[in-house]
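Let's take a walk through a protein model together. Keep the sequence and the 3D view open, and find each residue as we come to it.

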Amino acid sequence: MFENLSDKLNKAIKTLKGQGRISDINVAATVKEVRRALMDADVNYKVAKDVTDRVREKAIDRKVMIAVEPGQLFVKIVQEELMELMGGQAQSINLKGSPAVVLIAGLQGSGKTTFSGKFASYLKKQGRQVLLVACDVYRPAAITQLQVLGEQIGVEVFAEPDNKNAVDIAKNALAYAKTKGKSVVIVDTAGRLAVDEVMMKEVEEIKKTVSPSEILFVVDSMTGQDAVNTAKTFNERLDFDGVVLTKLDGDSRGGAALSIKAVVNKPIKFISTGEKMDALDIFYPDRMASRILG
Ligand code: GDP
């Protein structure tokens, strides 16, 4: 996903590498190139500006100009800033409660149902008793989709196809999970093509009813700056705990991965890299930063 950004950043920094002595003019020009590369990757202007302002300050503080290997030092500074931008350390999932409830929210097509299956499979492998809950009452195919995934990974799916009240279904599922001794309940909610009031109210209501210990917002990384704007709207309404960035196997430019944390102040926790049930990774900002500037 970051190929273009990597190319551009490496090219920008190359001008500093191999130079014995560099001037503040070289540094300023490189910082500007880095900013342009970030904006080309669809990082929003303010975020790109803040990051590169910090890179410039650090470069001056750490005396890049008189360093033995200015290029290397500069790369290190950019890597540190990218890592911080993406949230620093990897963040864990809160599975408190018996059962713990994880609420999955996001727009239609973002990859919620696929992620719910992957996450259930991931937790099952840790030995947890998982229940998947189909709360998308608007798209009958969504229930079937979750049931098919559940069968594939060997996780029970709770659904009430004739019930059109998602809040009720969530409540019933939680009661059922308790009687069955489940340890984690994953609630897959309905999404719309765009943010709408009915959907938001419904998810808010489900949140109130099932008191999740973790709310994950799922977003398609291919949607670039829109992903960040959608995250902002969902966060204002749901105050979610973490982001799941999907479709990183596509040709997204990476802007969402780089901007979301800075804009909504919530960490990316998982990345999804395909349709198969094992295409799920914990998000490590440090590894991602090294990958970008490898
Ligand atoms: P939902 O409407 O949010 O529940 O989205 P779905 O889980 O149904 O996903 C929408 C489409 O995107 C489906 O065709 C999925 O197979 C596909 N999809 C989901 N996650 C990924 C991913 O990480 N990579 C790719 N390539 N496709 C994905």
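## A walk through the model

Let's start with Ser6, which is buried because its relative accessible area is 12%, under the 20% cut-off for that word. Bear in mind as you look that this is a predicted model. You will find Ser6 in helix H1, which covers residues 3–14. Setting aside residues up to four places away in sequence, Ser6 touches Arg291 and Ile292. Now look for Leu123, which is 117 residues from Ser6 along the chain. In space, the C-alpha atoms of Ser6 and Leu123 are 33 Å apart.

How far can we trust the picture? The mean pLDDT of the protein is 92, and 99% of its residues reach 70 or more. For the complex, the predictor gives an ipTM of 0.99 and a pTM of 0.94. A general caution still helps: where pLDDT is low, predicted coordinates should not be read in detail.

Next, let's look inside. The largest nonpolar core has 77 residues, and Phe74, Leu82 and Leu258 have the most contacts within it. The helix that gives the most to this core is H4 (residues 70–85), with 8 residues. Pause at Leu82 and leave aside its neighbours within four places in sequence: its contacts are Leu9, Leu38, Leu258, Ala289, Ile292 and Leu293. You have met Ile292 already, as one of the residues that Ser6 touches. Another core lies apart from the largest one; it has 23 residues, including Phe115, Ile153, Val155 and Leu216.

Is Arg35 buried or exposed? Arg35 counts as buried because its relative accessibility is 16%, again under 20%. Arg35 sits in helix H2, residues 24–40. Not counting residues up to four places away in sequence, it touches Tyr45, Ala48, Lys49, Thr52, Asp53 and Arg56.

Our last stop is the ligand. Which of the 16 residues around the ligand come nearest? They are Gly109, Thr114, Asp249, Ser272 and Glu275. Asp249 has a polar side-chain atom 2.8 Å from a nitrogen atom of the ligand. The backbone takes part in the picture too: a backbone N or O atom of Gly111 lies 3.0 Å from a ligand oxygen atom, and a backbone N or O atom of Lys247 also lies 3.0 Å from an oxygen atom of the ligand. On its own, the ligand has 580 Å² of accessible area, and the protein covers 79% of it.

Terms used:
Residues numbered from 1 in each chain as written. Predicted model: local features only at pLDDT ≥ 70, side-chain atom pairs only at ≥ 80, totals over all residues. Heavy atoms only, no water. Core = buried A, V, L, I, M, F, W, Y, C linked by side-chain atoms within 4.5 Å. Buried < 20%, exposed > 50% of the residue type's maximum accessible area, 1.4 Å probe, protein only. Helix = DSSP H or I, 4+ residues; strand = E, 2+ residues; numbered from the N terminus. Contact = heavy atoms within 4.5 Å. Near = heavy atom within 4 Å. Polar contact = N/O pair within 3.5 Å; in protein donor to acceptor, adjacent residues only side chain to side chain. Areas by Shrake-Rupley, 256 points an atom, 1.4 Å probe, with all protein chains shown as cover. pLDDT = per-residue confidence, 0-100.
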